[in-house]
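Here is a short set of exercises to work through with the coordinates open in your viewer. Try each task before you read its solution.

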Amino acid sequence: MAEKVTGILEAIAHHENNRYGLKISGEWYNGFGSLSKDIEKGKTVEISFERKESDKGVFFNVESIRCIEKTAE
């Protein structure tokens with residue numbers, strides 16, 4: 001079952017093989033594919049994710065992400 005988190009996007013990491021990482025409140029959320037151009041560091045976003053546990057640790061896999069607030073200009 002998907003969980004949701006809302007917060008300010010602290011960091012974005014782009015990886016090879018069309019993967020990315022998003023950091024909110026000190027936690028990293030991992031996704032596949034490309035990000036919308038409105039997803040930027042400093043904006044408030046809502047991430048829907050699934051928590052996965054394995055022998056390598058706990059992972060938060062992004063199912064969807066949306067920008068809910070723009071940065072101040």
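**Exercise 1. Describe the overall fold.**
Task: State how many helices and strands the protein has, and judge its overall dimensions.

Solution:
- Begin with the secondary structure of this predicted model: the protein has zero helices and five strands. Read from the N terminus, the order is β-β-β-β-β.
- Next, take the extent of the C-alpha trace, which spans about 45 × 25 × 20 Å along its principal axes.
- Then turn to the radius of gyration. A compact globule of 73 residues would have a value near 11 Å, and the protein has 12 Å, so the two agree.
- Add the surface: about 5200 Å² is exposed, with 45% of it supplied by carbon and sulfur atoms. Of the 73 residues, 32% are buried.
- Finally, consider contacts with a separation of 6 or more: 45% of them join residues 24 or more positions apart.

**Exercise 2. Find the centre of the nonpolar core.**
Task: Which residues touch the most other members of the largest nonpolar core, and which strands supply at least two residues of it?

Solution:
- The largest nonpolar core has 14 residues, and Leu 22, Ile 24, Tyr 29 and Ile 47 touch the most other members.
- At least two core residues come from each of β1 (3–15), β2 (19–24), β4 (44–54) and β5 (57–69).
- Take Leu 22 as an example. Apart from neighbours within four places in sequence, its contacts include Leu 9, Ala 11, Ile 12, Trp 28, Tyr 29, Leu 35, Ile 47, Val 62 and Ile 65. Glu 27 is also in contact with Leu 22.

**Exercise 3. Examine a hairpin.**
Task: Work out how β2 and β3 are joined, and which residue between them takes a positive phi.

Solution:
- β2 and β3 (residues 27–32) run antiparallel and are joined by six bridges.
- One partner to look up is that of Tyr 20, which is Gly 31 in β3.
- Two residues lie between the strands of this hairpin, and Ser 25 takes a positive phi near 50 degrees.

**Exercise 4. Classify the aromatic pairs.**
Task: Determine how the rings of Tyr 29, Phe 49 and Phe 60 are arranged.

Solution:
- A search of the whole structure gives three aromatic pairs.
- For Tyr 29 and Phe 49, the centres are 5.1 Å apart and the planes are at 65 degrees, an edge-to-face pair. Tyr 29 is in strand β3 and Phe 49 in strand β4, so this pair ties together parts 20 residues apart in sequence.
- For Phe 49 and Phe 60, the centres are 5.4 Å apart and the planes are at 90 degrees, so this pair is edge-to-face too. Here the link runs from strand β4 to strand β5, between residues eleven places apart.
- Now check burial, for which the cut-off is under 20% relative accessible area. Tyr 29 is at 5%, Phe 49 at 4% and Phe 60 at 12%, so each of the three rings belongs to a buried residue.
- Put together, Tyr 29, Phe 49 and Phe 60 form one aromatic cluster.

**Exercise 5. Place a threonine.**
Task: Is Thr 44 buried or exposed, and what does it touch?

Solution:
- Thr 44 is in strand β4.
- Its relative accessibility is 13%, so Thr 44 counts as buried.
- Leaving out residues up to four places away in sequence, Thr 44 touches Thr 6, Gly 7, Ile 8, Arg 66, Cys 67, Ile 68 and Glu 69.

Note on methods
Residues numbered from 1 in each chain as written. Predicted model: local features only at pLDDT ≥ 70, side-chain atom pairs only at ≥ 80, totals over all residues. Heavy atoms only, no water. Core = buried A, V, L, I, M, F, W, Y, C linked by side-chain atoms within 4.5 Å. Buried < 20%, exposed > 50% of the residue type's maximum accessible area, 1.4 Å probe, protein only. Helix = DSSP H or I, 4+ residues; strand = E, 2+ residues; numbered from the N terminus. Contact = heavy atoms within 4.5 Å. Pairing = 2+ DSSP bridges. Rg over C-alpha atoms; globule rule 2.2 N^0.38 Å. Areas by Shrake-Rupley, 256 points an atom, 1.4 Å probe, with all protein chains shown as cover. Phe/Tyr/Trp six-rings, centres within 6.5 Å; stacked < 30°, edge-to-face > 60°.
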